[in-house]
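Me: Please take a close look at the ligand site in this model. I would like its contacts, its surroundings and its place in the chain in one connected account.

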Amino acid sequence: MQTHSKIHRLLLTGAAGHLGAVLRDRLQPFADVLRVSDIACMEPASSAAQEVVICDLADKAAVHALVQGCDAIVHMGGVSVEKPFEEVLEANVKGIYHVYEAARCHGVRRVVFASSNHVTGFYKQTEKLDAGVQRRPDGYYGLSKSFGEDLAMFYFDRYGIETVSIRIGTSCAEPANRRMLSTWLSYDDLLQLIVRALFTPGVGHTVVYGASANRDVWWDNHEAARLGYVPKDSSEPWRSVVEAQPALEAGDPMLVYQGGFYTAQGPFEASR
Ligand SMILES: NC(=O)c1ccc[n+]([C@@H]2O[C@H](COP(=O)([O-])OP(=O)(O)OC[C@H]3O[C@@H](n4cnc5c(N)ncnc54)[C@H](O)[C@@H]3O)[C@@H](O)[C@H]2O)c1
């Protein structure tokens, strides 16, 4: 990957999670010091260039202490699947507010926010979207990411803190089902997109989709191209294996909606 000048201290939240673990060592070359954080236990620091901080995003004072001294933030932490509202509220709504308020107070000028394709999950798979489309969240999780994008916009308009919100499709080692043939984002492409988001000047608040160069992608990702993002991977090598899976029934949300089965989760409380 093209070299960039380094960020002095870069904060990675959600570092104990699936993508946090993928990104931890890969982001290290882009920072003098990488501060990694999660509410869960993490591997100890692998060198003096890493700092490991346990922090609950819902704890305002702890988040202020976490962000102090950092120059940029890759915000991956929080609830990452559909859950009852109260759980999502703590980690994703209060949590991202704490991150931005701490960023404002401590002079952080750039955030990369792990948003989600679930902010537009109720669009049909037959529709092609760009990042400017009206959001149609497919659950409380998607709503929290939609709030996060609005918060990022507000903190840019009001305080000049720049953000790239990445509506990640499905970032995993290999696409595992038909939906992922469209939504898959390889780890290398994820890293490339995050690095572009960190170092491209003048992004304001930019929203992009996080997908590899998949044949049947549902998103017009010209905003990502403006960041210089050129995906290198594609789900095509897995197509024949995935298409050999048993067919889904007509009307299955995994075939109909971009958000797949997220559109059919809940309610979480019994009707009264
Ligand atoms: N993996 C994907 O395909 C995908 C797709 C769309 C969006 N995303 C987003 O990317 C980010 C990372 O995804 P992931 O797959 O690694 O998820 P993950 O669930 O594996 O990781 C999230 C991490 O956040 C931590 N966390 C949860 N609540 C917290 C709190 N209150 N305080 C501090 N940390 C807390 C968890 O302990 C976990 O380690 C998430 O924000 C997710 O919503 C991921």
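Reply:

**The ligand site**

In this predicted model, an N or O atom in the side chain of Asp38 lies 2.6 Å from an oxygen atom of the ligand. The backbone takes part as well: a polar backbone atom of Leu19 is 2.7 Å from a ligand oxygen, and a polar backbone atom of Gly17 is 3.0 Å from an oxygen atom of the ligand. On its own the ligand has 820 Å² of accessible area, and the protein covers 84% of this.

The shell around the ligand consists of 25 residues. Leu19 and Asp38, already named for their polar contacts, are among the closest, together with Ser80, Tyr141 and Ser171. Sorted by class, the shell holds 11 nonpolar residues, 11 polar residues and 3 charged residues.

Several elements contribute to this shell. At least two residues each come from helix H1 (18-27), strand E5 (110-116), helix H4 (140-159) and strand E8 (170-171). Strand E5 gives the largest share, with 3 residues. As for its location, the ligand occupies the largest pocket.

The surrounding protein chain has 9 helices and 11 strands. Its radius of gyration is 18 Å, close to the 19 Å given by the globule rule for 272 residues, so the chain is as compact as a globular protein of that length. Taken along the principal axes, the C-alpha atoms of the chain fill a box of roughly 55 × 55 × 35 Å.

Terms used:
Residues numbered from 1 in each chain as written. Predicted model: local features only at pLDDT ≥ 70, side-chain atom pairs only at ≥ 80, totals over all residues. Heavy atoms only, no water. Near = heavy atom within 4 Å. Polar contact = N/O pair within 3.5 Å; in protein donor to acceptor, adjacent residues only side chain to side chain. Areas by Shrake-Rupley, 256 points an atom, 1.4 Å probe, with all protein chains shown as cover. 1 Å grid on protein atoms, 1.4 Å probe; cavity = no way out; pocket = protein on both sides within 12 Å on 5 of 7 lines; lining within 4 Å. Sits in = over half its atoms within 2 Å of the grid points. Helix = DSSP H or I, 4+ residues; strand = E, 2+ residues; numbered from the N terminus. Nonpolar A, V, L, I, M, F, W, Y, C, P; charged D, E, K, R; others polar. Rg over C-alpha atoms; globule rule 2.2 N^0.38 Å.
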